[in-house]
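Colleague: Could you take a close look at the charged side chains in this one and walk me through how they pair up? I'd like the cut-offs spelled out as you go.

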Amino acid sequence: LYSGLTGAELAPPIYYGIEIFVACIPIALLYNNTSPENPAGAVINRFTGEKLIEEELDAAWMLNELYLFARFGTKLGIFDVNTRQWPLPVVYDFIDEAIVNGHIVVAQNGKFGGMDIATGQVVIPFEYDNIATSIFYGE
């Protein structure tokens, strides 16, 4: 991967492919192999080449312009691309892709709960067999 502005190398030519999520977001996922089930790669700033997440991911995709979904093995987490922090670390078995009023449904150890996506605070305890996303709608 090379900069279109300076010609500088941003990432070494060891990756199979690259995915640029959205034009306005300076993030790219670099793929290590051709397997769609296990694309494993690095997340970088596509303008500077800086690695944003030190670990190699098994999969990643943008949830929206602020948050990146990440998978390591069978566990999921959410990375904040602005703060470069993990408000939801990679420990969850399930994370719903719907964000409602800043909250998201997650599951851990077979139980569902609700989290504030910005702070990682539990807003619904992990004591339910399932939670419909619409649970967050209301007064």
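Modeller: Let's fix the exposure terms before anything else: buried means under 20% relative accessible area, exposed means over 50%, and partly exposed is in between, with a 1.4 Å probe and protein chains only. Keep in mind that this is a predicted model, where local features need pLDDT of at least 70 and side-chain atom pairs count only at pLDDT 80 or more, while totals for chains, interfaces and linings use all residues. Residues are numbered from 1 along each chain as its sequence is written, and side-chain values use heavy atoms, with hydrogens and water left out.

Now the pairs. Side chains of opposite charge can pair when their charged atoms come close. I call it a salt bridge when a side-chain nitrogen of Lys or Arg is within 4 Å of a carboxyl oxygen of Asp or Glu. That rule gives two salt bridges here.

One of them joins Asp-93 to Lys-75, with N to O at 2.4 Å. Asp-93 sits in the loop between strand S8 (85–92) and strand S9 (94–95), and Lys-75 belongs to strand S7 (residues 75–80), so this pair links distant parts of the chain, 18 residues apart. (Strands, E, at least two residues, are DSSP runs numbered from the N terminus; helices are H or I runs of at least four.) Asp-93 is partly exposed at 35% relative accessible area, and Lys-75 is partly exposed too, at 27%.

The other salt bridge is Lys-111 with Asp-129, whose closest N and O atoms are 2.8 Å apart. Lys-111 lies in strand S11 (residues 111–116) and Asp-129 in the segment after strand S12 (122–128), so the contact ties together parts 18 residues apart in sequence. Lys-111 comes out partly exposed at 31%, whereas Asp-129 is exposed at 61%.

Then there's Asp-96, in the loop between S9 and strand S10 (103–108). Asp-96 is buried yet has no salt bridge, and the nearest side chain of opposite charge, Arg-71, is 16 Å away. For the charge count, Lys and Arg are positive and Asp and Glu negative, with His and the chain ends not counted. What does the side chain of Asp-96 reach? It gets to the backbone nitrogen of Ala-98, at 2.9 Å.

As for the surroundings, S7 and S8 belong to an open sheet of four strands in the order S5-S6-S7-S8, with antiparallel pairing; two strands pair if DSSP finds at least two bridges between them.

Conventions. Polar contact = N/O pair within 3.5 Å; in protein donor to acceptor, adjacent residues only side chain to side chain.
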